[in-house]
Amino acid sequence: MPEQCSPEADALGRVVAALNEAVPELDGTALADLLWLAARLDGAALVGATSRSTRSAEGDQAPQDAPGASATDTGDDSDREPERALHERLAGTRGRVRGDAVAVSGAGGLPGTLAVTRALRPWKRRWPQGCRSTLDMDATVDAYARSGELVPQFRPAPERWFGLVLVVDRSPAMQVWQEVIDDFTAVLNRLGAFRTLQVCDLAFGERGPELRDAMGRLIGPGRLRSPDGRRLVVTVSDCAHPGWREPDVWRSLREWATSTPVALLNPLPPKLWRRTGLDLPGVRVLPGAPGAGNAQLGFEPPSLLPGEAAGWLPVPVLSLSPHSLGRWSRTLMRRAPEGCGAVLVPRSGRLPVERPAPRVRTDSADRFLRTASPAAARLAVLSSPFDELSIRLLHLIRQELVPEAEVADIAELITSGLFPVGTDRTGTVELRVPPTTQERLRKELTEHEVWRINRALSRHMASHGGWSGPMSAVAHHPLARAELPAALRPFAEASWRTLELLGLADGGAQPEREPTPVAARPTVGESRPSRSRVDNRPYFFLSYAHTPPWGSGGGDPDHWVQSFYQDLCSHIMALTSLPGNALAGYMDRETPAGEGWSEELSRNLATCRVFVPLLSPRYFTSEMCGREWYAFNERILQARAAGTAGAGPEPICPVFWTRVNPEQLPESVRHIHLYGTLGSRYETNGIYGLVKLSRLRDEYEEVVLSLAQRIVRVAEESSLPPTSPRPYESTPSAFKPRGEDPRRIHLTVVAPARHNIPVDRDARPYGEDPEDWNPYHSESTRPIAYLAEELTRALDYRVTVSSFDEQVSEPVEDTGSVSHPGILLIDPWSLTDEERRARLKAFDASSPPWLAAIIPWNRLDMQNHSQEGRSLMEGLERVLPFTLERGQIPMAVNGVPTLKAFTDLLPAVVARLARQYATHAAAAPAPPGPRPRLRGPDLPSPSSEARADRGDKE
């Protein structure tokens, strides 16, 4: 009876009743199995899932008899957190570490998911003759009119055309693309264009290629054939495994393609395809009927194709870019006449090729550094401090030190053969760095880059150790409940290894049982080593406009510039402790013209301490000088945003080569103080006048010495850190072309203020006003609007800034008030406000073609990766369809992940807006009726303090 039941039985009854109410379909056997599994569940397995805050709230006290527990141990994990060493968790290792399972962030996923989704939309076209039936109203009415009897008439209902089978290559090198493939699979699943979505694994065993289903069961290749042609097969592989150079896997693809549409998706950049197994003849295939199979695709066979063309079958080859996916989708489903790329597969799978015996080459590292992309080469150099590293660590180096690199750059490094790839018994991929390769790569590793590796690894592991992600680690804790398999050496010792290269750490073996915690490692910001570090960076970069040759004389028109540069270098060598083999300064004559000239120029712009422009009327018409000015000024703005620049003077020291009219200075130069205390004759004649007039020779020597002293003082006080070189070819000019009218751009911040954000939203990116929004708060100390304003002004534009919440709606009689380009800086979290969302949608309906959108989407903000964050990002497409689909730059509207990516992207957006404005503004009539208008100041001001709440009087 109930009154005789024990408390345990009563509790069990309540549990069973709750389970019955939650899941009514469970029978007694299922309930018993569920309770048995719950009773057998090991509580130690839940340690990794338990948050530190929960353990702290529950006390997390050490047992009284625990060895090593001190009387002063209060159990507060927050005090011990910085001292917990992190070990990479490797299931196949022999060592075990007592600690808790945690995880840190992993690689980025598929970029541009919105653009990829749009590219795949043609697959939503319906199959007209479906298996289900639907009521045919017209036929029913006609039959009723003829017979007088109401008899329903039915017709086949259209249905989704294909079921999709995704065959994913699981070779070791393909593990680099795991997150990208997962995101691509999720895009296909959300697209709703396919009846079913199946994922099969392709592996290469001793007997050749093997296919396995989602349950790991071996399946025959013939099962992917579809007699009715209603199945689509997409094989995802980089074709880097040696099995792709054998005919077996190609015969399988050809067998599927005889009755089923088949495509090969290669995530590698197309320029690398030819060095993989994808070296078959390439053609452009033309569409047949919608949804046609490979045999119905037309193509023009190459003239040197061996054998008969009838024996070859085309297989479309795709990259992960929206352009490639879009062309393939339109070709097969919309019969687009432009067709798409494909390879031809013969009946035998591959043509027999006599492969020469492999030659042993010792210059593989040199060849890779010459031919690889700049980001991939930089990744290789930054990986040289380590003898072995996992793909996880390689992703971490990419994320922290080479933010411009993509997953494709890691794949280029792995598929190059520079680092041999191996796997342990658990399938974990490890890269080994051969000693000869390591020695060659370390020659390219500069001292400041080693310090950057050390700081980045220490900072990342100390601050992000509690994130959730695919990068498994073990946080050492002597009082943890269990020992977990992990590398005995801490994962954070990667930073310690970089200190060994600098000669600041003992090169001997470190203790394995009690590894030194991360917080105990010497870092750059803490106790400095006694050994002094010599900074051999050039003190200044001389930027000057080349004088064109003229007349019949064959002399050097820039002889006096060279003479001035030599005099300045001589003074700086006397004023500093630079060694004799160091450069006091740099000008482009230090590097011979030819290959590598632009790279050397960019490298010195990224490392010099002071920028010295020789101002003249010709200087502001030189595109080369404009690029040099912008690259250095962008470096200053990035350092100030990151808080790494000193509080000293501006590290730009302009020098008058000849007199310049101040009224003719570009907007990008007006914020620089041009005049000093060098004398009236210098301001009147410039350096050129002083050096050419012999009677002013003494004054010339005095001015040059004063300039050298100023350069040394500014270099020491400003402390501008070096950065990665900016590609010279993609660097915009800071000066507008000659003859152009004043240019203007308006920046609009679409973001909430701190007082009206959602309750559960992190408040750190927001301020008192919408213009204080700082999405990259972990990287920058400045609001994004201020940084965008300064970067745009550096492109010689007059800039105004306002927030979208200041928008007013009133009739607009002409286009004068919106006749300048504009950029919307959009925070997707602003869509949580219904009124703002409605006003955005109304504004989008009448926005002009010269309006662009940039969506900063910080990858380090974990709320952006939540379900709510992804929903808001997808909701932007419904709120701003015209603004986002008007041919914008993909990264701008798909989410800009880092501050570096934002500063690199903004000039491209501004350039595109200028072209759109030049094309459409003059011919675009004003739309009838009222149109929303964005308020901004009537006159732009170089300083952010000049922003005012006034109507636009342009």
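## Salt bridges and a ten-strand sheet

R627 has a relative accessible area of 17%, which makes it buried (buried is under 20% relative accessible area, exposed over 50% and partly exposed in between, with a 1.4 Å probe and protein chains only). Keep in mind that this is a predicted model: local features need pLDDT of at least 70 and side-chain atom pairs count only at pLDDT 80 or more, while totals for chains, interfaces and linings use all residues. Residues are numbered from 1 along each chain as its sequence is written, and side-chain values use heavy atoms, leaving out hydrogens and water.

R627 has a salt-bridge partner, E623 (a salt bridge puts a side-chain nitrogen of Lys or Arg within 4 Å of a carboxyl oxygen of Asp or Glu). E623 is partly exposed, at 49%. Both residues belong to helix 19 (residues 623-642), 4 residues apart, or about one turn (helices are DSSP runs of H or I with at least four residues, strands are E runs of at least two, and both are numbered from the N terminus).

Helix 8 (residues 247-257) has a pair of its own: D248 and R251 sit 3 residues apart, again about one turn. D248 is partly exposed at 32%, and R251 is partly exposed too, at 38%.

The structure holds 29 salt bridges; here are some of them.

| Pair | Closest N and O atoms |
|---|---|
| D248 and R251 | 2.6 Å |
| E623 and R627 | 3.0 Å |
| E634 and R726 | 2.7 Å |

E634 is in helix 19 while R726 is in the loop between helix 21 (697-718) and strand 26 (744-750), so this pair ties together parts 92 residues apart in sequence. E634 and R726 are both buried, and they join K900 and D904 in a network of salt bridges.

Now for the sheet. It's an open one of 10 strands with mixed pairing, in the order 10-9-8-7-11-12-15-16-13-14 (strands pair if DSSP finds at least two bridges between them). Strand 10 (218-219) and strand 14 (298-299) are the edges: each has a single partner strand, so one side of each has no neighbour in the sheet. Helix 7 (residues 178-191) packs on the sheet, touching strand 7 (162-169), strand 8 (194-205), strand 11 (231-236) and strand 12 (262-265) (contact means heavy atoms within 4.5 Å). The direction of helix 7 makes about 155° with that of strand 8 (axes are lines fitted to C-alpha atoms, for helices over the stretch in contact, and angles between N-to-C directions run from 0 to 180 degrees). Helix 9 (residues 322-333) lies across several strands, including strand 13 (282-286) and strand 16 (340-345), and runs at about 140° to strand 15 (313-318).
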